[in-house]
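Colleague: Could you walk me through how to read a folded model, one feature at a time?
Modeller: Gladly; let us have the model in view and begin with a pair of strands.

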Amino acid sequence: MYLTTLQLRYFRNYLEQLIEFQAQKTIILGNNAQGKSNLLEAIELLSSLKSHRSPKDRDLICEAHQGAQIIGNVRRLYNEHQLAITFRASGRRTIELNQETLRRQIDFLGALNAVQFSSNDLELVKGSPEYRRHWLDMLLVQLEPVYSSILQEYQKILKQRNALLKSIKEDKSDTLAYSLQIWDQQLVQVGSRVIRRRARVIERLAPLARDWHRKIASDKETLEITYLANVDPSGGQTEEIQRAFFARLESRKVAELNLGTTVVGPHRDDLELRINQTSAKFYGSQGQQRTLVLSLKLAELQLIEEVIGEAPLLLLDDVLAELDLERQSQLLQVIQDRYQTLVTTTHLNSFAQPWLKDAQILTVKAGKIE
Ligand SMILES: Nc1ncnc2c1ncn2[C@@H]1O[C@H](COP(=O)(O)OP(=O)(O)OP(=O)(O)O)[C@@H](O)[C@H]1O
Ligand SMILES: [Mg+2]
């Protein structure tokens with residue numbers, strides 16, 4: 001798929017900006033704090049309706065303005081779409097597909113697929129479980145948009161169950177204990193769907209990432225990705241997961257009542273990343289960790305392409321300069337002309353020359369493309 005145009009209105013430090021993409025590779029050049037990452041963030045929003053930098057729409061709107069808009073035109077194999085998001089300082093967003101307002105997010109998600117790779121992504125190896133869960137969830141949303149509603153529902157149930165556990169802890173009445181059973185049911189039902197989908201995507205992703213890692217590390221290293229599920233998903237069938245979920249809830253009930261919060265469920269999941277059977281988080285060298293993240297991203301790119309049947313966009317924010325020449329050229333080989341790629345940089349000479357071949361260069365200065 002190909003993003004032909006991107007229009008920003010009062011988004012971050014942009015006022016009115018139209019960008020027409022003219023090549024498979026676009027280099028976004030500019031000094032610090034000029035708006036390079038902001039531009040990629042706008043594409044991230046069109047693709048996932050989420051920004052990894054800010055959960056609040058207010059932050060996305062240009063200071064002292066009341067609303068912002070992102071419009072993108074996407075050319076796909078069999079059709080073209082216009083995607084638009086309108087943000088308001090007071091109130092809700094509007095999302096539109098081909099100028100028609102949509103009520104449900106899932107009808108918007110999936111119209112544009114993108115994989116973002118930024119220097120922050122080292123957190124996938126070094127950071128907390130939350131970071132890995134979030135990555136997995138965002139990948140799932142792209143592969144199966146319905147997952148976004150499942151996840152939202154799970155989070156809603158979790159919140160309500162936590163509130164209930166808290167009031168039981170404070171007041172200990174029997175009526176409340178009875179309503180807990182109802183929430184247990186719901187938690188298990190929706191939570192099991194989250195677990196099943198996560199287990200399934202990891203199963204598909206792990207061999208792809210392992211192959212990439214082996215290739216980049218010249219056959220010397222084996223990467224293993226393991227799903228550290230809070231509730232055992234083995235068996236894979238929904239009923240089996242539900243049974244395991246109920247059993248674990250039962251065994252942790254006293255703890256949950258004492259703590260006044262839910263300790264069982266996929267909100268406590270993690271992924272384990274091991275290279276040659278040792279933890280990449282604790283023992284991996286900087287270089288190994290970088291190779292690992294690159295492998296994860298390439299696997300993500302490949303999996304989306306396999307499932308969707310079209311190549312997603314690749315957004316490289318500040319990462320190229322951090323990769324050595326060998327890895328840069330491996331990445332370039334993978335991309336070739338297959339993926340529309342946007343690269344941000346502060347200097348054109350911060351990465352290998354072949355990247356510039358046939359590329360469109362956009363210079364950003366204070367929220368304006370020159
Ligand atoms: N809501 C907003 N309104 C106005 N300006 C904003 C808003 N949000 C962010 N900015 C401005 O955008 C700029 C940051 O842009 P961005 O993160 O895209 O920089 P960058 O070009 O990627 O820089 P770097 O090279 O440091 O990564 C900052 O100057 C910041 O003040
Ligand atoms: Mg930036």
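**Strands, helices and a ligand**

Modeller: Glu 96 has Thr 101 of E7 as its bridge partner. Please keep in mind throughout that this is a predicted model.

Colleague: How many bridges join E6 to E7, and in which sense do the two strands run?

Modeller: E6 and E7 run antiparallel and are joined by 3 bridges. The two strands form a hairpin with 2 residues between them, and in that turn Asn 98 has a positive phi of about 50°.

Colleague: On the other side of the hairpin story, which residue stands opposite Glu 96 in the pairing of E5 with E6?

Modeller: That residue is Ala 84, which stands opposite Glu 96 in E6, while Thr 86 has Thr 94 of E6 as its bridge partner. Strand E5 (residues 80-88) and strand E6 (residues 94-97) pair in the antiparallel sense over 4 bridges, and they form a hairpin with 5 residues between them, where Gly 91 in the turn has a positive phi of about 105°.

Colleague: What is the order of the strands in the open sheet that holds these hairpins?

Modeller: The order is E2-E1-E4-E5-E6-E7, an open sheet of 6 strands with antiparallel pairing. Its edge strands are strand E2 (16-20) and strand E7 (100-102), each of which pairs on one side only, and from one strand to the next the twist averages 20°.

Colleague: How many residues lie between E1 and E2 in their hairpin?

Modeller: There are 6 residues between E1 and E2, and Tyr 10 in the turn has a positive phi of about 50°. Strand E1 (residues 2-9) runs antiparallel to E2, with 5 bridges joining them, and Leu 6 has Ile 19 as its bridge partner in E2.

Colleague: What kind of pairing does the open sheet with the order E8-E12-E13-E3-E14-E15 have?

Modeller: This open sheet of 6 strands has mixed pairing. Strand E8 (114-118) and strand E15 (368-369) stand at its edges with a single partner strand each, so one side of each has no neighbour in the sheet. Within the sheet, strand E3 (residues 25-29) and strand E14 (residues 360-365) run parallel and are joined by 4 bridges; Thr 26 stands opposite Gln 360 in E14.

Colleague: Turning to helices, what describes two packed helices?

Modeller: The description of two packed helices rests on the angle between their axes and the distance between the axes. Here, the axes of helix H5 (residues 146-171) and helix H6 (residues 174-216) come within 9 Å and cross at roughly 150°. Angles over 145 degrees count as roughly antiparallel, and H5 and H6 are therefore roughly antiparallel to each other. H5 passes H6 in a left-handed crossing, and the residues of their contact divide into 15 nonpolar, 5 polar and 5 charged.

Colleague: At what angle do H6 and helix H7 pack, and how far apart are their axes?

Modeller: H6 and helix H7 (residues 238-251) pack at an angle of about 130°, with their axes 9 Å apart. These two helices are therefore oblique to each other, and H6 passes H7 in a right-handed crossing.

Colleague: For a single helix, how does one compare its reach with what is expected, taking helix H10 as the case?

Modeller: Helix H10 (residues 286-308) has 23 residues and reaches 33 Å from its first C-alpha to its last, which is close to the 33 Å expected at 1.5 Å a residue. After H10 comes Gly 309, with a positive phi near 85°.

Colleague: Finally, how many residues surround ligand 1, and which are the closest?

Modeller: Ligand 1 is surrounded by 16 residues, of which Asn 13, Asn 32, Lys 36, Ser 37 and Asn 38 are the closest. By class, the residues of this shell divide into 3 nonpolar, 8 polar and 5 charged. Helix H1 (residues 36-48) contributes the largest share of the shell, 3 residues.

Note on methods
Residues numbered from 1 in each chain as written. Chains lettered and ligands numbered in written order. Predicted model: local features only at pLDDT ≥ 70, side-chain atom pairs only at ≥ 80, totals over all residues. Near = placed C-beta within 6 Å. Nonpolar A, V, L, I, M, F, W, Y, C, P; charged D, E, K, R; others polar. Axes fitted to C-alpha atoms, helices over the stretch in contact; angles between N-to-C directions. Parallel < 35°, antiparallel > 145°, perpendicular 65-115°, else oblique. Left-handed = near helix turned anticlockwise from the far one by under 90°. Pairing = 2+ DSSP bridges. Expected span 1.5 Å × (residues − 1).
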